[in-house]
Amino acid sequence: MSCPRHDAAWLRGIGILSADEMKIHGHSGETVTIICSYSWASTNVKYFCRNPCEDSKDILVKSDQSPTGRYTRKDAGEGTFTVNITDLQESDSGIYWCRVDRSVKDTYQKVILTVSNEHQTDGHVSPSLYVLGPLMFTAVGLTVIFIIFGAVLCIWNNQKKNLHSSKGK
């Protein structure tokens, strides 16, 4: 098993590395939830590992194993799997990878986690849940398209009714 050691642009170009890189900030003692997206892999083995992901010691959670320690995962098989890291520590800062085993070449999504001791004092609470990736943008885009399509159908149907009623008079 080997995580990416190649140029990220090259990996994106051949579809091995997701174009979306997640940058996540958390605070010591808190929990952060990372949502990794994937496609066409509901039954594939999924990993969340710490860079350099060169061997099993770097794997923090794996979908075919029970999670242990501060790292948990959930995969509903619907295009995302979530990883929770509890009791964050500054030493958790670093690069991680969401990985999906594929028959030809595994796919990766880069996660950059920064953990600090500083808490905001202005009353603003930083969100712990980060939803990034193509799945979210696709869902929003499709929703907008369906709403526009529905509105066009309603307008067309009303005009058609008006045309028929005016012909009948």
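**Ser-116, strand E7 and the aromatic pairs: a tutorial**

Student: Let's start with Ser-116: is this residue buried or exposed, and at what relative accessible area?

Tutor: Happy to begin there, and do keep in mind that this is a predicted model. The cut-off for buried is under 20% relative accessible area. Ser-116 falls below that limit, so the residue counts as buried, with a relative accessible area of 14%.

Student: Which residues is Ser-116 in contact with, leaving aside neighbours within four places in sequence?

Tutor: Ser-116 has its place in strand E8. His-25 is 91 residues away along the chain, yet its C-alpha atom is separated from that of Ser-116 by 7.8 Å. Beyond the neighbours within four places, the contacts of Ser-116 are His-25, Gly-26, His-27, Ser-28 and Glu-90.

Student: In what order do the five strands of the open sheet lie?

Tutor: Begin with the edges, strand E1 (22-27) and strand E4 (59-62), each of which pairs on one side only. Neighbouring strands are turned by 25° against each other on average, with direction ignored. The pairing in this sheet is mixed, and the order is E1-E8-E7-E3-E4.

Student: How many of the residues of E7 are buried?

Tutor: Look at the two strands that pair with E7. Five bridges join E3 to E7 in the antiparallel sense, and E7 and E8 also pair antiparallel, over seven bridges. E7 is largely enclosed by the rest of the structure, because the buried residues number five of the seven.

Student: Which residue in E7 stands opposite Tyr-47, and how far is its charged end from the centre of the Tyr-47 ring?

Tutor: Along the pairing with E7, Phe-48 stands opposite Cys-98. Tyr-47 has Arg-99 as its opposite residue in E7. The charged end of that residue sits over the Tyr-47 ring, so to your two questions I can reply together: Arg-99, at 4.7 Å.

Student: What kind of aromatic pair do Trp-97 and Tyr-108 form?

Tutor: A pair of aromatic rings is described by the distance of the centres and the angle of the planes. The structure holds three aromatic pairs. One of them is tilted: Tyr-38 and Phe-81, at 6.3 Å centre to centre and 35° between the planes. For Trp-97 and Tyr-108 the centres are 6.0 Å apart and the planes stand at 85°, so this pair is edge-to-face.

Student: How many residues apart in sequence are the parts that Trp-97 and Tyr-108 tie together?

Tutor: Trp-97 counts as buried at 6% relative accessibility, and Tyr-108 is buried too, with a relative accessible area of 8%. E7 and E8 form a hairpin with six residues between them. Since Trp-97 lies in strand E7 and Tyr-108 in strand E8, the ring pair ties together parts whose separation is 11 residues.

Student: Which residue has its charged end over the ring of Tyr-38?

Tutor: Tyr-38 is in the loop between strand E2 (32-37) and E3, and its partner Phe-81 is in strand E6, 43 residues apart. Both of these aromatic residues are buried. The charged end over the Tyr-38 ring is 4.6 Å from its centre and belongs to Lys-46.

Student: Which backbone nitrogen does the side chain of Asp-106 reach, and at what distance?

Tutor: Asp-106 is found in the loop between strand E7 (94-100) and strand E8 (107-116). With 12% relative accessibility, Asp-106 counts as buried. Its side chain reaches the backbone nitrogen of Arg-102, at 2.9 Å.

Student: Where is Gln-89, and which residues does Gln-89 touch, not counting those up to four places away in sequence?

Tutor: Gln-89 is in the loop between E6 and E7. A relative accessible area of 33% makes Gln-89 partly exposed. Glu-30 is 59 residues away in sequence but 8.5 Å away in space, C-alpha to C-alpha. Outside the four nearest places in sequence, Gln-89 touches Ser-28, Arg-70 and Val-115.

Methods: Residues are numbered from 1 along each chain as its sequence is written. This is a predicted model: local features need pLDDT of at least 70, side-chain atom pairs count only at pLDDT 80 or more; totals for chains, interfaces and linings use all residues. Side-chain values use heavy atoms; hydrogens and water are left out. Buried means under 20% relative accessible area, exposed over 50%, partly exposed in between (1.4 Å probe, protein chains only). A polar contact is a pair of N or O atoms within 3.5 Å; within protein, one must be able to donate a hydrogen and the other to accept it, and residues adjacent in sequence count only if both atoms are side-chain atoms. Two strands pair if DSSP finds at least two bridges between them. Axes are lines fitted to C-alpha atoms, for helices over the stretch in contact, and angles run from 0 to 180 degrees between N-to-C directions. Rings of Phe, Tyr and Trp (its six-membered ring) pair if their centres lie within 6.5 Å; planes under 30 degrees apart count as stacked, over 60 as edge-to-face and the rest as tilted. A charge sits over a ring if NZ of Lys or CZ of Arg is within 6 Å of the ring centre and within 35 degrees of the ring normal. Contact means heavy atoms within 4.5 Å.
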